[in-house]
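Reader: I am new to reading structures, and I would like to go through one with you slowly, feature by feature. Could you give me the general idea each time and then show me the case at hand?

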Amino acid sequence: MPRQDPGEPYYRVDSNEANSMLNADASSYVVVDVRRDDEWVTGHPTGAMHIPIDDLPGRIDEVPRDKKILFICAAGVRSGLACEMAASMGYDTENLFNVEDGVPTWMEGKHPTEFGE
């Protein structure tokens with residue numbers, strides 16, 4: 001169940017919850033992986049967008065405003081920052097989710113994963 005810490009403009013979920021959300025209604029969500037290129041090629045959630053955290057401010061318009069956004073990185077730090085950035089750029093905070101256990105846990109959970117570019 002999504003959790004929200006006081007003062008945070010986003011919800012926290014783990015990779016199992018994120019996968020369940022996608023399975024329940026994939027068309028309402030987009031996954032944005034904010035890791036570096038060298039991390040991305042080692043595996044990422046199937047269908048995810050790749051926008052490295054350093055590029056996010058200049059590429060935020062690529063992230064749909066009409067969907068719930070699941071930001072993911074390796075351990076939840078950069079994805080939390082991505083949620084903060086999106087909120088500061090006018091994204092609806094009810095639609096922002098930080099997958100706080102990251103891609104390694106996503107992959108360990110055998111959730112749908114793609115490799116390479």
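Author: Let us begin with a cysteine: Cys83 is buried, with a relative accessible area of 0%, where buried means under 20% relative accessible area, exposed means over 50% and partly exposed lies in between, using a 1.4 Å probe and protein chains only. Please keep in mind that this is a predicted model, in which local features need pLDDT of at least 70 and side-chain atom pairs count only at pLDDT 80 or more, while totals for chains, interfaces and linings use all residues. Residues are numbered from 1 along each chain as its sequence is written, and side-chain values use heavy atoms, with hydrogens and water left out.

Reader: How many disulfides does a search of the whole structure find?

Author: A disulfide is a covalent bond between the sulfur atoms of two cysteines, and here the term is applied to a pair of cysteine sulfur atoms within 2.5 Å. The search of the whole structure finds zero disulfides. The sulfur of Cys73 is 9.5 Å from the closest cysteine sulfur, in Cys83, and that is too far for a bond. Cys73 also counts as buried, at 2% relative accessibility.

Reader: How should I read a helix, and which residues of H4 are buried?

Author: Helices (H or I, at least four residues) and strands (E, at least two) are DSSP runs, numbered from the N terminus. The buried residues of H4 are Ser79, Gly80, Ala82, Cys83, Met85 and Ala86, and what covers them includes helix H3 (56–59), strand E5 (68–72) and strand E6 (96–99). Ser88 also lies in helix H4, but Ser88 is exposed, with a relative accessible area of 61%. After H4 comes Gly90, whose phi is positive, near 95 degrees.

Reader: What span should helix H4 have, and how far apart are its end C-alpha atoms?

Author: The expected span of a helix is 1.5 Å times one less than its number of residues. For the twelve residues of helix H4 (residues 77–88) this gives 16 Å, and the end C-alpha atoms are 17 Å apart, which agrees.

Reader: Against what do the buried residues of H1 pack, and which residue caps its N-terminal end?

Author: The buried residues of helix H1 (residues 15–25) are Ser15, Glu17, Ala18, Asn19, Met21 and Leu22, and they pack against E1, strand E2 (29–33), E5, E6 and helix H5 (102–108). The N-terminal end of H1 is capped by Asp14, with a side-chain oxygen 3.1 Å from the backbone nitrogen of Asn16.

Reader: What does the side chain of Arg12 make a polar contact with?

Author: A polar contact is a pair of N or O atoms within 3.5 Å; within protein, one must be able to donate a hydrogen and the other to accept it, and residues adjacent in sequence count only if both atoms are side-chain atoms. Arg12, found in strand E1 (residues 11–13), makes such a contact through its side chain with the side chain of Asp5, at 3.1 Å. Contact in the wider sense means heavy atoms within 4.5 Å, and, leaving aside neighbours within four places in sequence, Arg12 is in contact with Met1, Pro2, Arg3, Asp5, Asn98 and Glu100.

Reader: Is Glu39 buried or exposed, and which backbone nitrogen does its side chain reach?

Author: Glu39, in helix H2 (residues 37–40), is buried, with a relative accessible area of 14%, and its side chain reaches the backbone nitrogen of Arg36 at 2.8 Å.
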